[in-house]
Amino acid sequence: MGLFMGENDKNAQLVLFGSGLRNLRISIGLSQEELAERAGIDRSYLGGIERGEHNLALINMIKIAKALNVYPHQLLEVFANSEGK
């Protein structure tokens, strides 16, 4: 991938991140509602992140990581095994 992403590339990255977040949340055994409450964010916003509809801010990524009891960089590990690095 080049230095600049096209709109389709950006959307694909958001979908990939959201899918990874959803898989992590489910593997830990949390509902969207539980994770949203723990992170202090709106459940519908969390759902939008998981669907790749929101490009979340760093502060929200940190809140979500804390709520999942993982380091923020672990939320990005989904990109390590993808071709969309």
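**Exercise 1. State how many salt bridges a search of the whole structure finds, and work out which residues join into one network.**

Solution.
Step 1. The search of the whole structure returns four salt bridges. The model is a predicted one.

Step 2. Take E50 and R22. Their closest N and O atoms are 3.6 Å apart, and a salt bridge requires a side-chain nitrogen of Lys or Arg within 4 Å of a carboxyl oxygen of Asp or Glu. E50 belongs to helix α3 and R22 to helix α1, so this pair ties together parts 28 residues apart in sequence.

Step 3. Compare the surroundings of the two partners. E50 is buried, at 2% relative accessible area, whereas R22 is partly exposed, at 28%.

Step 4. Take R25 and E50. Their side chains form a salt bridge with an N to O distance of 2.6 Å. This pair links distant parts of the chain, with R25 in α1 and E50 in α3, 25 residues apart. Both R25 and E50 are buried.

Step 5. Take E33 and R43. They meet at 3.9 Å, N to O. E33 lies in α2 and R43 in α3, so the pair ties together parts 10 residues apart in sequence. E33 is partly exposed, with a relative accessible area of 47%, and R43 is partly exposed at 34%.

Step 6. Through salt bridges that share partners, R22, R25 and E50 form one network.

**Exercise 2. Describe the position and contacts of R25.**

Solution.
Step 1. R25 sits in helix α1, which spans residues 7-28.

Step 2. R25 has a relative accessible area of 8%. The cut-off for buried is under 20%, so R25 counts as buried.

Step 3. Leaving out residues up to four places away in sequence, R25 touches L30, S31, Q32, L35, E50 and L68.

**Exercise 3. Determine which elements build the largest nonpolar core.**

Solution.
Step 1. Set out the fold. The chain has four helices and zero strands, and buried residues make up 36% of its 85 residues.

Step 2. The largest nonpolar core has 18 residues, and F17, L21, L35, L46, I64, L68 and L75 have the most contacts inside it. Two or more residues each come from α1, α2 (32-39), α3 (43-50) and α4. The largest share, five residues, is that of α4.

Step 3. Consider F17. Beyond four places in sequence, its contacts are I49, L56, M61, L75, L76, V78 and F79.

Step 4. Consider the range of contacts in the chain. Of those with a separation of 6 or more, 54% are between residues 24 or more positions apart.

**Exercise 4. Assign the two sides of helix α4 and describe the residue that follows it.**

Solution.
Step 1. In α4 (residues 58-68), the buried residues are N60, M61, I64, A65, A67 and L68. These lie on the same side of α4 because they cover an arc of only 160° around the axis.

Step 2. The face turned away from that buried side carries the exposed residues L58, I59 and K66. For L58, the relative accessible area is 59%.

Step 3. L58, I59 and I62 make up a nonpolar surface patch, together exposing about 290 Å² of accessible area.

Step 4. N69 follows α4. Most residues other than glycine have a negative phi. N69 is not a glycine, yet its phi is positive, about 60°. At 71% relative accessibility, N69 is exposed.

Methods
Residues are numbered from 1 along each chain as its sequence is written. This is a predicted model: local features need pLDDT of at least 70, side-chain atom pairs count only at pLDDT 80 or more; totals for chains, interfaces and linings use all residues. Side-chain values use heavy atoms; hydrogens and water are left out. Buried means under 20% relative accessible area, exposed over 50%, partly exposed in between (1.4 Å probe, protein chains only). The arc is that of the directions from the helix axis to the C-beta atoms. Patches are made of residues with over 30% relative accessible area and no salt bridge: like charges are joined within 9 Å, nonpolar side chains (Val, Leu, Ile, Met, Phe, Trp, Tyr) within 5 Å. Accessible areas come from the Shrake-Rupley method with a 1.4 Å probe; for residues, only the protein chains shown count as cover. Contact means heavy atoms within 4.5 Å. A nonpolar core is a set of buried Ala, Val, Leu, Ile, Met, Phe, Trp, Tyr and Cys residues joined through side-chain atoms within 4.5 Å.
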